[in-house]
Amino acid sequence: MSTAAPAERGPLGGVRVVELAGIGPGPFAAMLLADLGADVVRVDRPGGPGLGIDPAHDITNRNKRSIVVDLKSPAGAARVLDLAERADILVEGYRPGVAERLGVGPADCHARNPRLVYGRMTGWGQDGPLAERAGHDVSYIAVTGALGMIGRPGEPPAVPANLLGDYAGGSLYLVVGVLAALHHARATGTGQVVDAAIVDGTAHLSAMIHGMLSAGAWQDRRGANLLDGGCPYYGTYETADGGHMAVGALEERFSAEFLRLLGLDDLQGARSDLTRWPELRAAITARFRERTRAEWTALYADSDACVAPVLSLREAPHHPHLAARGTFTDHGGITQPAPAPRFSATPTAVRTGPALPGADTEAVARDWDIPALTGDDRPNPAAD
């Protein structure tokens, strides 16, 4: 359907994506597709999404192009359907039934383009008793059991920003889903609907933990297990200057190196004795408080003890390893994570800054051959 784009755009060069503007996981998923080289056209609504962030700093809209369409106007749905007819993938994040009421649901789009992959991003999914309810990341991860695993025993669960639900359980699963469906569509000529629910994806992320739970190797409570901070050689510790060090010395050889450099060789035997874990934790805690984060970082820099400094968002781009790899990049005066993963034959890049609402209407109209995009789009009071 789409013409091939130059290889330097990334492995998805030539793939056309329509993103119906929303907030959170939908825009991030579309950003990932754009980072990989897809031509992503974001259909913004008049007045914007209402998050309050300056669009010029909304990194999740980088590498995209934007048009503004009022879906409540007489021509609004028709213009989105014109885009869907020429697209490979469409992404929307409305509550169930909203796209249908607006005239841009799966049936409407597939009537124009049977090959279209229609990606739906929601928290609760397209069906189930909570499907119509509002929610946010913390709500979704709470009911999956994932949130309940995070934090110290005796304290409320720790909220992991919106990384676990919105982006890991939501965006990444949507991208996997639409790319798998695109492969199927290109092989068969038939598109389909991808129902990406954050509750489903987040639950799926805990597959290994459920296996450990079934095997009796995981306790169903916070801070009592190998990977949740319950283990004294897998967790975080405060340093003399108020910083923190992260310790991940799970294997015996790494743990031995960790304790040796910490000067706690005499506690090597406590590693495998759960009754001595409180003693080991107390000793490690006390020792880390004797030096600064920088001093501990230098001590462990050339070891396999799996110890690293806990950095802030502003510090992370300057870490020597991340700086050497170019894990972060500067574009348009904004320091931001570079596209990931990396490709040997079709490298990716931050090609453009955040798309400003409506700034690319003429270019999209030309490139996608939809002259009507530049026409009048007056609101329809009857649709309110």
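## Worked exercises on a predicted model

The protein chain exposes about 18,900 Å², and carbon and sulfur atoms supply 56% of that area. Keep in mind that this is a predicted model.

**Exercise 1. Get the overall picture: how many helices and strands does the protein chain have, and what share of its residues count as buried?**

Start with the secondary structure: there are 13 helices and eleven strands. Next, the burial: 43% of the 384 residues count as buried. For the dimensions, the C-alpha trace spans about 75 × 45 × 40 Å along its principal axes. Finally, look at the contacts between residues at least 6 apart in sequence: 67% of them join residues at least 24 apart.

**Exercise 2. Work out the order of the open sheet of three strands, and say which strands sit at its edges.**

Step one is the order, which is β7-β8-β9, with antiparallel pairing. The edge strands are β7 and β9 (307–309), as each of them pairs on one side only. From one strand to the next, the twist averages 20°.

Now take the pairs in turn. β7 and β8 (residues 244–248) are antiparallel over five bridges. Within that pair, Tyr 234 stands opposite Gly 248, and Tyr 237 stands opposite Met 245. These two strands form a hairpin with five residues between them, and Gly 242 in the turn has a positive phi of about 85°.

On to the other pair: β8 and β9 are antiparallel too, over three bridges. Here Val 247 has Val 307 in β9 as its bridge partner. To finish, add the helix: α11 (residues 293–300) lies across β8 and β9 and runs at about 30° to β8.

**Exercise 3. Place Asp 195: which strand holds it, and which residues does it touch beyond four places away in sequence?**

First, find Asp 195 in strand β6 (residues 192–197). Then check its accessibility: the relative value is 35%, so Asp 195 counts as partly exposed. Leaving out residues up to four places away, Asp 195 touches Arg 120, Gly 125 and Gln 126. There's also a C-alpha separation of 6.5 Å between Asp 195 and Gly 119, which are 76 residues apart along the chain.

**Exercise 4. Pick apart the salt bridge between Arg 112 and Asp 82: is each partner buried, partly exposed or exposed?**

The structure holds 16 salt bridges, and in this one the side chains of Arg 112 and Asp 82 meet at 2.5 Å, N to O. Arg 112 belongs to helix α4 (residues 106–112) and Asp 82 to helix α2 (residues 76–86), so the pair ties together parts that are 30 residues apart in sequence. Arg 112 has a relative accessible area of 32%, so it is partly exposed. Asp 82 comes in at 18%, and since buried means under 20%, Asp 82 counts as buried.

For practice, try Asp 367 and Arg 366, whose side chains meet in a salt bridge at 3.1 Å, N to O. Asp 367 is partly exposed at 33%, whereas Arg 366 is exposed at 58%. Salt bridges can also share partners: Glu 19, Arg 42, Asp 44 and Lys 64 are joined that way into one network.

**Exercise 5. Find the residues behind the nonpolar surface patch of about 250 Å².**

The patch is made by Met 208, Leu 226 and Leu 227. Zoom in on Leu 226, which is found in the loop between α8 (207–214) and β7 (234–238). With 35% relative accessibility, Leu 226 counts as partly exposed.

Conventions: Residues numbered from 1 in each chain as written. Predicted model: local features only at pLDDT ≥ 70, side-chain atom pairs only at ≥ 80, totals over all residues. Heavy atoms only, no water. Patch = residues over 30% accessible without salt bridge, like charges linked within 9 Å, V, L, I, M, F, W, Y side chains within 5 Å. Areas by Shrake-Rupley, 256 points an atom, 1.4 Å probe, with all protein chains shown as cover. Salt bridge = Lys/Arg side-chain N within 4 Å of Asp/Glu carboxyl O. Helix = DSSP H or I, 4+ residues; strand = E, 2+ residues; numbered from the N terminus. Buried < 20%, exposed > 50% of the residue type's maximum accessible area, 1.4 Å probe, protein only. Pairing = 2+ DSSP bridges. Axes fitted to C-alpha atoms, helices over the stretch in contact; angles between N-to-C directions. Contact = heavy atoms within 4.5 Å.
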